[in-house]
Structures are given as C-alpha cells and as structure tokens.
Amino acid sequence: MSVTVRVPAKVNVQLAVGAARPDGFHDLANVFLAVGLYDEITVTPADELRVTCDGPDADQVPLDRTNLAARAAVALAERYGRSPDVHLHIAKDIPVAGGMAGGSADGAGALVACDALWGTGASREELLEICAELGSDVPFSLVGGAALGIGRGERLTPLEVGGTFHWVFAMAGRGLSTPAVFREFDRLGEGTDIPEPVASGELLAALAKGDPDALAAAVSNDLQPAALSLFPELAGTLAAGRAAGALTALVSGSGPTTAFLVRDPESAAAVAQALLASETCRTVRMASGPAPGATVAAAG
Ligand code: C5P
C-alpha cells in the first residue's frame, strides 16, 4: 500500500509586508498563485519514520525530523494517537530555498498522503489547521489555485482567476533564508513608518480577468529590496529577463528565484533562452498557473 500526492510550487504576485509583530512574524497581504512545477510525495508504511529524496536539488534537502514532510506526518499521527512509522519519499522538482514554497509543498503533500494512507477521515479544516502550524505558506500548498493570504499568510481566501498566466523562473546559484530576508526587511525599514499591508484591487481584477498586461502592471513584492540587498546579483537576472521581453520581472517571495511573466508559451521559450544565455542564473524553468493544490496522484 502506498499513496503519492502531487503538490505545486507558488509565486507571490503580490507580497505586501507590514511591520514586525511582537511574535516576530509580519502581517502580510500575500497573493499566491500556484504554478505547474511539482514535488511528488509518496508515503508507504515502514518500521520507523524515514525520509528520502531525489531530484536535482536533493542533496540540499534535510532528511531528518526537521523536514516539513516528516513534521507533517508526526503532527497528524499525534492528533490521531498513532505512530508516524512511514517512509516518505520526495521526488523534488521545486527549487530548494528558492522562495517557491518547496518545503511547504512537501509538508502539505505528506499530510494529504498520510491522511489517505491512514484513513483518518480528517476534515479539510483540520488539515488546514495542521498546515498553518507547520508554516505560513503550507495551507496554500494544500489548496493551490490562487488565494489571498492574510495574517502570517495562512488565513486564505480563494481568488477567481480568469485565464492562464505563463511564467519563466530563473533559479539562482544559491538559496536565501526566509527569516534572514525578513530580518533584512526590518533593517531596511528601521525608523520608517510601515503601512498596513493591503491587497491591490487592480491586481485582483487583473487575476479575475486573466489579463497578463494588467497583472504585469500590478505585481509587487515588498521583500524584493531585502532579497536584492542580500543577493545583489539578482538585479542582473531581473534586467536580463526584462530585456528579453518579459512583461514584468520580480523576485518570487523571499527569493532568490526570479519570476518573469510572459504573454504566451512562445515568449516563455524566448525569455528562458535569453536568461540562460545571460549566464545570470543557474537554470530556468517554464510553468503556468493557476495549478491545482495537493492532489492524490496514485494510491494502491
Ligand atoms: O511560517 P514559516 O515557518 O514559513 O516562516 C519562516 C520564517 O519567515 C519565520 O520564522 C519568520 O522569520 C519569517 N516570516 C515572517 N512573517 C511571516 C511569515 C514568515 O516574519 N508572515
């Protein structure tokens, strides 16, 4: 018996960040769009909890109990009073430490896979609650599509999307730590008045219409200056993609993956090729969104 769950990556088309809260987190208005790059998590019964991983970035994935997939299995097992003795295998295609919610995807995927394997009968609300305990972006990995996340980003409202958006993603030569990027955001904002984060009406309308030009004009990421401050070379990647005809270019979440919105799959191929030729990134991927959230792909 085993269960395989497929979970998408995300790009933040808007990431509005408020001032640091007393608990150290930041209030967000976080507009997530799931895109068609996937990790697959397969769970099988085992003598003890263990995690394995394959894929291009597999050597950077922790295989101990700090892995979000392992933490998800433990959290669900504890709630249902059973042992978490499973083998979790992660087929990893989402870049590690890239700002595309790869770790969160594995947490949501393991949760859905263990839930199916164990037949817990947990409600969607219960699963979302466990996701929120695992990390701010994990609930979105479960639901996919497009959503506005407020609070830490974990309180979700699904959003309507009127078409398919095409993207190119440029992966950087090294990762960035999300807490370090938020700390840099705090440092850069010291002594300034940081407004309450609010979702942009223009951006939500552009998503609802499926209009790439309007979306390109409305995207924003308040973490981008902090990511660029820690990783100045990303400016060169953003410039190379813009010069190649991307409608807009931005850092994805806390980075360092950069995201390029394009009009259609043909322009995606042209921008991808130009980015590779610019030698300002490690590799490029094309993907479109919205993509479905965590979905059981195989069971048996
Ligand atoms: O929730 P998650 O574990 O993914 O968050 C990782 C880190 O990112 C947090 O420890 C915190 O430093 C930062 N963070 C934040 N505000 C948020 C989400 C994350 O400061 N809304």
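1. Let's start with the record. UniProt (unreviewed entry) lists residues 67-145 as "domain: GHMP kinase N-terminal". Keep in mind that what we have here is a predicted model. Over residues 67-145 the chain comes out as 58% helix and 8% strand, and the C-alpha atoms at the two ends sit 24 Å apart.

2. On the domain split: the assignment for the protein chain gives domain 1 (3-159 + 291-299) and domain 2 (165-288). Their C-alpha centres are 22 Å apart. Domain 1 puts 28 residues into the contact, and domain 2 puts in 35 residues. On the domain 1 side, the elements giving two or more residues are strand 1 (3-20), strand 2 and strand 5 (146-150). Strand 1 has the largest share of that side, at 10 residues. Sorted by class, the side of domain 1 that touches domain 2 has 20 nonpolar, 7 polar and 1 charged residues.

3. Next, the core. The largest nonpolar core has 101 residues, and the members that touch the most others are Ala72, Trp167 and Val168. Strand 2 (residues 26-45) is the top contributor, with 11 residues. Both domains take part: at least three residues of this core come from each of domain 1 and domain 2. As for Ala72, leaving out residues up to four places away in sequence, Ala72 touches Gly107, Ala110, Leu111, Cys114, Ile130 and Leu134.

4. Now the ligand. The residues around the ligand are Phe25, His26, Leu28, Gly135, Ser136, Asp137, Arg152, Gly153, Thr178, Pro179 and Phe182. Strand 2 and helix 5 (178-189) are the elements that give two or more residues to this shell, and helix 5 gives the most, with 3 residues. By class the shell has 4 nonpolar, 5 polar and 2 charged residues. Here too both domains are represented, with at least three residues of the shell drawn from each of domain 1 and domain 2.

5. The annotated "binding site" deserves its own look. UniProt (unreviewed entry) has this feature covering Pro95, Val96, Ala97, Gly98, Gly99, Met100, Ala101, Gly102, Gly103, Ser104 and Ala105. Pro95 falls in the loop between strand 4 (86-91) and helix 2 (102-118). Pro95 counts as buried because 26 other C-beta atoms lie within 10 Å. Beyond its neighbours within four places in sequence, Pro95 is in contact with Asp57, Met100, Gly102, Met171 and Thr257.

6. Val96 belongs to the loop between strand 4 and helix 2. Is Val96 buried or partly exposed? Val96 has 19 other C-beta atoms within 10 Å, so Val96 is partly exposed; the cut-off for buried is 20 or more. Setting aside residues up to four places away in sequence, Val96 touches Asp57, Gln60, Val61, Gly102 and Gly175.

7. Ala97 is worth a check on the backbone. Phi of Ala97 is near 50°, a positive value in a residue other than glycine. Most residues other than glycine have a negative phi. Ala97 lies in the loop between strand 4 and helix 2 and is buried, because 20 other C-beta atoms lie within 10 Å.

8. Glu279 has a positive phi too, near 55°, and is found in the loop between helix 10 (265-278) and strand 11. With 10 C-beta neighbours inside 10 Å, Glu279 counts as exposed.

9. Two cis peptide bonds to look at. One joins Gly255 and Pro256, with omega about 5°; Pro256 is in the loop between strand 9 (248-251) and strand 10 (258-262). Another runs from Gly289 to Pro290, with omega near 5°; Pro290 is in the loop between strand 11 (283-289) and strand 12. For context, most peptide bonds are trans.

10. Last, Thr295, which is in strand 12 (residues 295-299). Thr295 is partly exposed, because 15 other C-beta atoms lie within 10 Å. Not counting residues up to four places away in sequence, Thr295 touches Val5 and Arg6. C-alpha to C-alpha, Thr295 and Trp167 are 22 Å apart in space, with their positions 128 residues apart in sequence.

Note on methods
Residues numbered from 1 in each chain as written. Predicted model: local features only at pLDDT ≥ 70, side-chain atom pairs only at ≥ 80, totals over all residues. Core = buried A, V, L, I, M, F, W, Y, C linked by C-beta atoms within 7 Å. Buried ≥ 20, exposed ≤ 12 C-beta atoms within 10 Å, placed from the backbone. Helix = DSSP H or I, 4+ residues; strand = E, 2+ residues; numbered from the N terminus. Domains from an automatic or database assignment. Contact = placed C-beta atoms within 7 Å. UniProt positions renumbered as here; feature names shortened; annotations may be inferred. Nonpolar A, V, L, I, M, F, W, Y, C, P; charged D, E, K, R; others polar. Near = placed C-beta within 6 Å.
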